[in-house]
Each structure stands twice: as structure tokens, then as C-alpha cells.
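Biologist: Could you take me through one part of this protein slowly, as you would with someone in their first year? I would like to look closely at how the charged and aromatic side chains meet, and then at what surrounds them.

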Amino acid sequence: MSKPDNLETTVLRLEDFNQTELINLLKRYKLEVQIVLSGQAIPGSFWGDAEAGLIGRQLFLRQDTPIHSALHETCHFVCMDDARRKQLNTNAGNSQAEENAVCYLQILLADDLPSLGRQRILSDMDAWGYSFRLGSARDWFEQDAQEPYDWLLAHNLIDQGKQPTYQLRL
């Protein structure tokens, strides 16, 4: 994930989102949300700025954090193995296959958030500067994401119907 120099301001942010939906989704993964005050640095944020941060089982967000960032970091937490999860502090450290699975899962999870949905997260991912070889996040997800689907299925993180299992990778 790379952020463009002229940051798109139209992405959905925590302050404009039904936060209860997000908190309830994250509880299914036993991930706790910690809200950081405006103007303060976000602990555990790999990218800095408004990007979500991860330390252990805590997801750190500010009101200006993009929802796609919150889901992306959540999916890192879900997709990493238990040994990495136990040592998690800022850097999720993963393979390209796992990174692709993270992106795929965040799109699936968006469907479980009525205030977000798949179309909006795909649009926000494009606006933020996610990079896929077919260009748009939608084209990648619909035409070029068999490997991430297979990876998530092999780790029991989704079922064959592309539904999240709400389990963590072992």
C-alpha cells in the first residue's frame, strides 16, 4: 500500500463512520480498538500520519483514520500466524502472498459493515493509492485474485463461498 503525494480527502474516515459496526466486527477477532486523541501520534502505525496502528491485540485509530486502513491492519492481525501475532508491534512483517490475502480479506470484510460495503472500500483503496497490476482494486479482486483466495481458504480464514470464518490464522 502506498499513499499518493496528493492525499485523496474523500476516503471514508472513522469520524464519518458508524464506529459501533467496526468495533463489533473487530470483537469477532478478539481485537480491541483504542481511540487516539486528535493531533497525537498513532501508536503502532507503520505508515504514520492517520494510518491505523497495531500492537498486540490492540488496533489504534484516530478520528481521521481511513476505514480502509483500519480494515487493512485488522486483516494483517488475522492473516499472521500466532507466533508473529504474539510479538506484534507496528510491523506486521509478511510475504507478498500474505499481503495480497490481507487486501482480499479487507474487501470481503467491508461487506459486513453496512456503512462501508465492497464498492466503497474498492473506491477508497484506489483513491488512497493501493497498487494492483490490473490497475484498479475492483479489477484485481474480480479478475486477478485467485491466489489470495486460495491462500485465505488454505488457512481457513474464508470458506469456499468467500465468506469470512472469523478465525485467526494458527
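Modeller: Happy to: we will begin with the charged pairs, go on to the rings, and finish with the core and the strands. Please keep in mind that this is a predicted model.

Let's start with charge. Side chains of opposite charge can pair when their charged atoms come close. Searching the whole structure turns up eight salt bridges, and helix 3 is a good place to meet some of them. Find Arg-85 and Asp-82: their side chains form a salt bridge, with 3.2 Å from N to O. Helix 3 covers residues 82–86, and these two partners are three residues apart in it, so about one helical turn separates them. How covered is each partner, buried or exposed or in between? Arg-85 has a relative accessibility of 5%, so Arg-85 counts as buried. Asp-82 comes out at 31%, and therefore counts as partly exposed. Lys-86 joins in as well, since Asp-82, Arg-85 and Lys-86 are linked in a network of salt bridges.

Arg-85 has another contact to show you. Its charged end sits over the ring of Phe-77, 5.4 Å from the ring centre. You can find a similar arrangement at Arg-28, whose charged end lies over the ring of Tyr-166, 3.6 Å from the centre of that ring.

Now stay in helix 3 but move to Arg-84. The side chain of Arg-84 meets that of Glu-98 in a salt bridge, at 2.7 Å from N to O. This pair links distant parts of the chain: Arg-84 belongs to helix 3 and Glu-98 to helix 4 (residues 96–110), 14 residues apart. Glu-98 is at 3% relative accessibility and so counts as buried, while Arg-84, at 24%, counts as partly exposed.

One more salt bridge is worth a stop. Arg-133 pairs with Asp-144, and their closest N and O atoms are 2.6 Å apart. Arg-133 is in the loop between helix 5 (117–128) and helix 6 (137–143), and Asp-144 is in the loop between helix 6 and helix 7 (146–154), so the salt bridge ties together parts that are 11 residues apart in sequence. With 69% relative accessibility, Arg-133 counts as exposed.

Next come the rings. A pair of aromatic rings is described by the distance of the centres and the angle of the planes. The whole structure holds six aromatic pairs. In one of them, Phe-132 and Trp-140, the ring centres are 4.5 Å apart and the planes are at 20 degrees, so this pair is stacked. Stacked here means an angle under 30 degrees. Phe-132 counts as buried because its relative accessibility is 10%, and Trp-140 counts as buried at 4%. Both belong to one aromatic cluster, together with Tyr-104, Phe-141 and Tyr-149.

Tyr-104 leads us on to the core. The largest nonpolar core has 51 residues, and those touching the most other members are Leu-22, Leu-71, Tyr-104, Leu-116 and Leu-152. Several elements each supply at least two residues of this core, including helix 1 (19–27), strand 3 (58–62) and helix 2 (67–79). Which helix gives the largest share? Helix 4 does, with nine residues. To see the packing around one core residue, pick Leu-71: leaving aside neighbours within four places in sequence, Leu-71 is in contact with Leu-22, Leu-25, Gln-106, Leu-109, Ala-110, Leu-113, Leu-116 and Ile-121.

Finally, follow strand 3. Four of its five residues are buried, so to speak of strand 3 as mostly covered is fair. Strand 3 pairs with strand 1 (residues 32–36) in the parallel sense over five bridges, and in one of these Val-33 has Leu-59 as its bridge partner. On the strand 2 side (residues 53–55), the pairing is antiparallel and runs over three bridges, with Ile-55 and Gln-58 as bridge partners. Strands 2 and 3 form a hairpin with two residues between them, and Gly-56 in the turn has a positive phi of about 60 degrees.

Just beyond this strand, look for Thr-65 in the loop between strand 3 and helix 2. Thr-65 is buried, with a relative accessible area of 1%. Not counting residues up to four places away in sequence, Thr-65 touches Leu-12, Arg-13, Leu-14, Ile-42, Ala-50, Glu-51, Ala-52 and Ala-70.

Technical notes: Residues are numbered from 1 along each chain as its sequence is written. This is a predicted model: local features need pLDDT of at least 70, side-chain atom pairs count only at pLDDT 80 or more; totals for chains, interfaces and linings use all residues. Side-chain values use heavy atoms; hydrogens and water are left out. Rings of Phe, Tyr and Trp (its six-membered ring) pair if their centres lie within 6.5 Å; planes under 30 degrees apart count as stacked, over 60 as edge-to-face and the rest as tilted. Buried means under 20% relative accessible area, exposed over 50%, partly exposed in between (1.4 Å probe, protein chains only). A charge sits over a ring if NZ of Lys or CZ of Arg is within 6 Å of the ring centre and within 35 degrees of the ring normal. A salt bridge is a side-chain nitrogen of Lys or Arg within 4 Å of a carboxyl oxygen of Asp or Glu. A nonpolar core is a set of buried Ala, Val, Leu, Ile, Met, Phe, Trp, Tyr and Cys residues joined through side-chain atoms within 4.5 Å. Contact means heavy atoms within 4.5 Å. Two strands pair if DSSP finds at least two bridges between them.
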